[in-house]
Amino acid sequence: MRRTPVIASRVLSERCGHDVVLKCENLQRTGSFKPRGAYYRIANLPAEARTRGVVAASAGNHAQGVAWAATELGIASTVFMPTGASLPKIVATKAYGAEVRLVGDTIDDALLAAQEFEAETGATLIHPFDHPDIVAGQATVGLEILDQVPDVGTIVVPMGGGGLAAGIASAVAALRPDVRIVGVQAEQAAAWPRSLEAGEPVPLAAMSTIADGIAVGRPGAVPFGPVSRYVDEIVTVGEDSLARAVVLCLERAKLVVEPAGAAAVAALAGGELDVRGRVCAVLSGGNVDPLLLTHLVTHGLRAGGRYLDVTVTIPDLPGGLVAVLEVVRDAGASVRDVVHSRTGRGLGIDEVDVLLSLETRGAEHRGEVLAALAESGYSAEVRA
């Protein structure tokens, strides 16, 4: 495993009013923090168990972490993945040495198959977060942060099942109990707040988020204790914030980070997070399908005010389109696409709707473009 770097983030420092650094676990072996816990868990297996191999169920980061760790330790690994798992993640898991079996449509289907394989073969099931050795392995992230950022005052960490947050929080509490720990969940997959309120892990009825790496419906029983004792606050971030955070990491830090891995950045970018002292945001992973990344970038740019789709009604006369494009040009926007429609409801016989897809420089500039259209007498409707 690598001791991952810590880099400064000026843009986040400016937004939250504190010095912010990024702990780049997206640059870890296999592209996430997962090998830390997987390696420690597998390394602690007794000799007899090692001969029977290990098995895991995962759609991504945990699969690769287990495959790499098992191969490093000379142990056979079998990983069950849903049939819809990302092709790059399937290929990478195989390349790290695991036998990959595609089963079912969901991670629950894959987990059931892995449990059946465990019962049939005696292989040890390596859980992604709900085991003391997994939590202990992830604690090394916290130890590295304390060594690399000795004056750290706040650590912000993405949370799914809770293994990473529990490990970091436990290690930091033992050595620097004054450091504030903040967990971040996706709004549409936030099982921890309700569970902590209930005093025990409570499953969510449903989840839907682009941050699949932290989309865990039920917090782990093992991480629950450390999280409840040592994590000071858990906040949630929306889908637009996650997409904008992915773009921010690409543009400003030159780092590829998956939506789950960028959750801490999303929380800090709003400038409202309760932090103290120097802040370390953990980038927990960077495994993202290139096809998905293109959609995420587009969504993030749109959420950040960099794209504007607007329908403008213009006279259906020669020069009508040129006139509205001149307004857009003078307002400093760039045209990506133009689509005509003569069949919209409410259009006069001498009118036409034009859908303009524009590139803008942010939310303020979007407002300026819309104001310029209005001042020129155009009826404009922003498209979602």
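# A guided tour from Lys34 outward

Start by selecting Lys34, which sits in helix H2, a helix covering residues 34-43. The model on screen is a predicted one.

**Stop 1: Lys34 and its surroundings**

Keep Lys34 selected and show its side chain. Is Lys34 buried or exposed? Lys34 is buried, and it has no salt bridge. To see what is missing, add Glu258 to the selection: this is the nearest side chain of opposite charge, and it is 9.5 Å away. Now add Pro128. The Lys34 side chain reaches the backbone oxygen of Pro128 at a distance of 3.4 Å.

**Stop 2: the whole protein**

Zoom out until the full chain is in view. The protein has 384 residues, and 52% of them count as buried. In a cartoon view there are 15 helices and 14 strands to find. The C-alpha trace spans about 85 × 45 × 40 Å along its principal axes.

**Stop 3: salt bridges**

How many salt bridges does a search of the whole structure find? The search finds 15.

Select Glu144 and Lys23 for one of them. Their closest N and O atoms are 2.6 Å apart. Glu144 belongs to helix H7 (residues 132-148) and Lys23 to strand E2 (residues 20-24), so this pair ties together parts that are 121 residues apart in sequence. Both Glu144 and Lys23 are buried.

Next, select Glu48 and Arg52. Their side chains meet in a salt bridge, with 3.4 Å from N to O. Glu48 counts as exposed because its relative accessibility is 58%. Arg52, at 37% relative accessibility, counts as partly exposed.

Then move to Arg329 and Asp330. The side chains of this pair also meet in a salt bridge, at 3.1 Å from N to O. Both Arg329 and Asp330 are exposed.

Before leaving the salt bridges, return to Lys23 and Glu144 and add Glu25 and Arg36 to the selection. Salt bridges that share partners join Lys23, Glu25, Arg36 and Glu144 into one network.

**Stop 4: a patch of positive charge**

Switch to a surface view and select Arg15, Arg244, Arg252 and Lys254. On the surface, these residues gather in a patch of positive charge.

Stay with Lys254. It lies in the loop between helix H11 (239-252) and helix H12 (263-269). Is Lys254 buried or exposed? With a relative accessibility of 64%, Lys254 counts as exposed.

**Stop 5: two residues with positive phi**

Most residues other than glycine have a negative phi. Lys254, still selected, has a positive phi of about 60° although it is not a glycine.

Now select Thr30, which is not a glycine either and has a positive phi of about 70°. Where is Thr30? It is in the loop between E2 and H2. Thr30 has a relative accessible area of 6%, so it is buried, whereas Lys254 is exposed.

**Stop 6: strands E12 and E13**

Select Val338, in strand E12 (residues 334-341). Val338 is partly exposed, as its relative accessible area is 28%. Add His299 and draw a line from C-alpha to C-alpha: the two residues are 19 Å apart in space and 39 residues apart in sequence.

Go on to strand E13 (residues 351-359) and select Ser357. Ser357 is buried, with a relative accessible area of 11%. Add Val310 to the view. Ser357 and Val310 are 47 residues apart in sequence, and their C-alpha atoms are 6.7 Å apart in space.

Finish with Leu356, which also lies in strand E13. Leu356 has a relative accessibility of 0% and therefore counts as buried. Select Arg383 for the last pair of the tour: Leu356 and Arg383 are 27 residues apart in sequence, with 9.6 Å between them in space, C-alpha to C-alpha.

Terms used: Residues are numbered from 1 along each chain as its sequence is written. This is a predicted model: local features need pLDDT of at least 70, side-chain atom pairs count only at pLDDT 80 or more; totals for chains, interfaces and linings use all residues. Side-chain values use heavy atoms; hydrogens and water are left out. Patches are made of residues with over 30% relative accessible area and no salt bridge: like charges are joined within 9 Å, nonpolar side chains (Val, Leu, Ile, Met, Phe, Trp, Tyr) within 5 Å. Accessible areas come from the Shrake-Rupley method with a 1.4 Å probe; for residues, only the protein chains shown count as cover. A salt bridge is a side-chain nitrogen of Lys or Arg within 4 Å of a carboxyl oxygen of Asp or Glu. Lys and Arg count as positive and Asp and Glu as negative; His and the chain ends are not counted. The place of a charge is taken as NZ of Lys, CZ of Arg, CG of Asp or CD of Glu. Helices (H or I, at least four residues) and strands (E, at least two) are DSSP runs, numbered from the N terminus. Buried means under 20% relative accessible area, exposed over 50%, partly exposed in between (1.4 Å probe, protein chains only). A polar contact is a pair of N or O atoms within 3.5 Å; within protein, one must be able to donate a hydrogen and the other to accept it, and residues adjacent in sequence count only if both atoms are side-chain atoms.
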